[in-house]
Amino acid sequence: MMIAALATAAAAGLAGSLHCAAMCGPLAAAASGRARYQVGRLASYGAAGAIMGALGEHALCALPVGTVQTVTLLLVAAFAIARAVSPIVAAGASRLVPLRRPGVWTRLVRRLPRGGLGLGAATGFLPCGMLVPAWILAAGSGGTGEGALTMAAFWVGTLPGLLVPALAGAGLRRLGVRVAPAVQAVAWGLLAVWLALRPLFMAAHHH
């Protein structure tokens, strides 16, 4: 029975891989193909599955799922906005006080995660129409380990849809393509806008 559940979860992930490419492809591209992005996704999917499996069929009612998704969305959007404005702030600071030590904002931005682990981990809790059915499968799996394995199988199924944008970003990096800071700022800004629009696309999808 567990094998059937895992196969169902993997098939659901594979069937929705194009949806994953559309909704999370920009995040995968932002991570530039680094494996840590996928590791972060696996960790968050597994953790969510373990929680759902432990709580059972009433997990979605017992947990503040909507609140967690909203907070995660706001945090990732804030991260994208910070990355968008950081080149502008850094350039302005260097022109005004070129000899001073980097300001608090510049030091903070330099410490933002660049390897994709944080972005990948956040993906498992963003508003997503594909995640809820997978969580239901995990909740009905019968236990903590079974729930984690169910979500891991779902993660495997979603990989094809996210590998293309991730590998595209990695390919550009390996070719030595350097993106101007202004272009990077615009790209991160567009990502923030896309994150803000995710709930609207989800609402349209459900109606």
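Leaving aside its neighbours within four places in sequence, with which residues is Leu-131 in contact? In this predicted model, Leu-131 is in contact with Tyr-45, Thr-123, Gly-124, Phe-125, Leu-126, Met-151 and Phe-154. The legends below start from the whole chain and then turn to single sites.

**Figure 1. Overview of the predicted protein chain, with 10 helices and zero strands.** Read along the sequence, the pattern is α-α-α-α-α-α-α-α-α-α. The protein chain has 207 residues, and buried residues make up 41% of them. Of the contacts with a separation of 6 or more, 85% join residues 24 or more positions apart. The average pLDDT of the protein chain is 77, and 72% of the residues score at least 70. Among the elements, H3 has the highest mean pLDDT, at 91, whereas helix H6 (residues 104–110) has the lowest, at 52. Where pLDDT is low, the predicted coordinates should not be read in detail.

**Figure 2. Crossing of helix H3 (residues 35–55) and helix H8 (residues 131–139).** The two axes come within 7 Å and cross at roughly 50°. H3 is therefore oblique to H8. The crossing of H3 and H8 is right-handed. On the H3 side, the contact is made by Tyr-45, Ala-48, Gly-49, Met-52 and Gly-53; on the H8 side, it is made by Leu-131, Trp-135, Ala-138 and Ala-139. By class, the contact of H3 with H8 has seven nonpolar residues, two polar residues and no charged residues.

**Figure 3. Surroundings of Leu-131 in helix H8.** Leu-131 has a relative accessible area of 1% and is therefore buried. Beyond its neighbours within four places in sequence, the contacts of Leu-131 include Thr-123, Gly-124, Phe-125 and Leu-126. Tyr-45, Met-151 and Phe-154 are also among the contacts of Leu-131. Leu-131 and Cys-20 lie 111 residues apart in sequence, and their C-alpha atoms are 10.0 Å apart in space.

**Figure 4. Surroundings of Tyr-45 in helix H3.** Tyr-45 is one of the H3 residues that make the contact with H8. Its relative accessible area is 4%, so Tyr-45 counts as buried. With neighbours within four places in sequence left aside, Tyr-45 is in contact with Thr-123, Gly-124, Leu-131, Met-151, Phe-154 and Trp-155. Tyr-45 and Thr-150 are separated by 105 residues in sequence and by 9.1 Å in space, from C-alpha to C-alpha.

**Figure 5. Surroundings of Ala-134 in helix H8.** Ala-134 is buried because its relative accessibility is 3%, under the cut-off of 20%. Apart from neighbours within four places in sequence, Ala-134 is in contact with Met-151 and Phe-154. Met-151 and Phe-154 are also among the contacts of Leu-131, and both are among the contacts of Tyr-45. Although Ala-134 and Ala-10 are 124 residues apart along the chain, their C-alpha atoms are separated by 9.4 Å.

**Figure 6. Surroundings of Thr-158 in helix H9 (residues 144–174).** The relative accessibility of Thr-158 is 0%, and Thr-158 is therefore buried. Not counting residues up to four places away in sequence, Thr-158 touches Gly-13, Leu-14, Ser-17, Cys-20 and Arg-41. Cys-20, one of the residues touched by Thr-158, is also the residue whose C-alpha atom lies 10.0 Å from that of Leu-131.

**Figure 7. Position of Thr-70 in helix H5 (residues 65–96).** Thr-70 is partly exposed because its relative accessible area, 44%, falls between the cut-offs of 20% and 50%. The C-alpha atoms of Thr-70 and Pro-127 are separated by 7.3 Å, whereas the two residues are 57 residues apart along the chain.

Methods: Residues numbered from 1 in each chain as written. Predicted model: local features only at pLDDT ≥ 70, side-chain atom pairs only at ≥ 80, totals over all residues. Heavy atoms only, no water. Axes fitted to C-alpha atoms, helices over the stretch in contact; angles between N-to-C directions. Helix = DSSP H or I, 4+ residues; strand = E, 2+ residues; numbered from the N terminus. Parallel < 35°, antiparallel > 145°, perpendicular 65-115°, else oblique. Left-handed = near helix turned anticlockwise from the far one by under 90°. Contact = heavy atoms within 4.5 Å. Nonpolar A, V, L, I, M, F, W, Y, C, P; charged D, E, K, R; others polar. pLDDT = per-residue confidence, 0-100. Buried < 20%, exposed > 50% of the residue type's maximum accessible area, 1.4 Å probe, protein only.
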